[in-house]
Amino acid sequence: MRRNKYKICYRTLNIYSFSAMERVRKTNKADVDRYYSDYSFETCAQKHIDFVLKSKKIFEDKPYYTDCQSAISLAYMYCIHRCAYMEYINEHVINYIRKMVRIYIDCALVVYYEFRNICNQNNLKEIYIDNEVWNDKL
């Protein structure tokens, strides 16, 4: 699992979610649209998302903030499609969104830190060109 973590997270964010949403949308378009209106992003997810981002110390000044925001949006859309397909109601939908938001944020961080993971797996040291310590040596 540890070696394939990047692949799993990358596929979750870039392949699996979109293909699953596409399949559900083809068969349950009316239900998906109804779920979007019944469980809007602002009312069902925004408070929890703010809490999760704050607890994980992900703020707007961090370089991976936009990646996490994209993952959050994807998680919400995936959950709406999945819940419409499974015909979940009320608390089940909200709890599912909360759970998937955390998972997708973690996936976004894993994908963002791909460089660090490669270095760790191969016992290499991370060196960033824009680091001031290395600027004088280049």
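## Helices H1 and H2

Let's start where two helices meet: the axes of helix H1 (residues 5–27) and helix H2 (residues 29–38) approach within 5 Å and cross at roughly 110°. That makes H1 roughly perpendicular to H2, since angles from 65 to 115 degrees fall in that class. As in the rest of this report, the values come from a predicted model.

On the H1 side of this contact you will find Val24, Arg25 and Thr27, and on the H2 side Lys29, Val32 and Asp33. By character, the residues of this contact divide into two nonpolar, one polar and three charged.

## The chain as a whole

Stepping back, the secondary structure of the chain comes to eight helices and zero strands. Read from the N terminus on, the elements run α-α-α-α-α-α-α-α.

The chain has 138 residues, and buried residues make up 33% of them. Among contacts with a separation of 6 or more, 71% are between residues 24 or more positions apart.

## A closer look at H1

H1 is built from 23 residues and spans 31 Å from its first C-alpha to its last, close to the 33 Å expected at 1.5 Å a residue. If you follow its course, you will meet a bend of about 50° at Thr12.

The buried residues of H1 are Cys9, Thr12, Leu13, Ser17, Ala20, Met21 and Val24. Thr12 is thus the site of the bend and also a buried residue, while Val24 is buried and takes part in the contact with H2. What covers the buried residues of H1 includes H2, helix H5 (65–86) and helix H6 (90–112). As general background, an α-helix has 3.6 residues a turn, so residues three or four places apart point the same way.

## Tyr104, between H1 and H5

Helix H6 holds Tyr104, a good residue to click on next. Tyr104 counts as buried because its relative accessibility is 1%, and buried means under 20%.

Setting aside residues up to four places away in sequence, Tyr104 touches Thr12, Leu13, Ser17, Ala71, Leu74, Ala75 and Tyr78. Three of these names, Thr12, Leu13 and Ser17, are already familiar from the buried residues of H1. Tyr104 can also be paired with Tyr76: the two are 28 residues apart in sequence, with their C-alpha atoms 9.6 Å apart in space.

## H5 and Phe41

H5 has 22 residues and reaches 31 Å from its first C-alpha to its last, close to the 32 Å expected at 1.5 Å a residue. Another residue worth a look is Phe41, which lies in helix H3 (residues 41–44).

Leaving aside neighbours within four places in sequence, Phe41 is in contact with Gln46, Ile49, Ile72 and Tyr76. The C-alpha atoms of Phe41 and Ile80 are separated by 9.8 Å, with their positions 39 residues apart along the chain.

## Positive phi values

Most residues other than glycine have a negative phi, which makes a few places in this model worth checking. One of them is Glu87, which follows H5 and has a positive phi, near 60°. Asn90 has a positive phi too, near 35°, and this residue lies in helix H6.

Asn123 has a phi near 55°, again a positive value in a residue other than glycine. Asn123 sits in the loop between helix H7 (114–121) and helix H8 (132–135). With a relative accessible area of 73%, Asn123 is exposed, whereas Tyr104 is buried.

Methods:
Residues numbered from 1 in each chain as written. Predicted model: local features only at pLDDT ≥ 70, side-chain atom pairs only at ≥ 80, totals over all residues. Heavy atoms only, no water. Axes fitted to C-alpha atoms, helices over the stretch in contact; angles between N-to-C directions. Helix = DSSP H or I, 4+ residues; strand = E, 2+ residues; numbered from the N terminus. Parallel < 35°, antiparallel > 145°, perpendicular 65-115°, else oblique. Contact = heavy atoms within 4.5 Å. Nonpolar A, V, L, I, M, F, W, Y, C, P; charged D, E, K, R; others polar. Expected span 1.5 Å × (residues − 1). Bend = angle between axes of the 7 residues up to and from the residue. Buried < 20%, exposed > 50% of the residue type's maximum accessible area, 1.4 Å probe, protein only.
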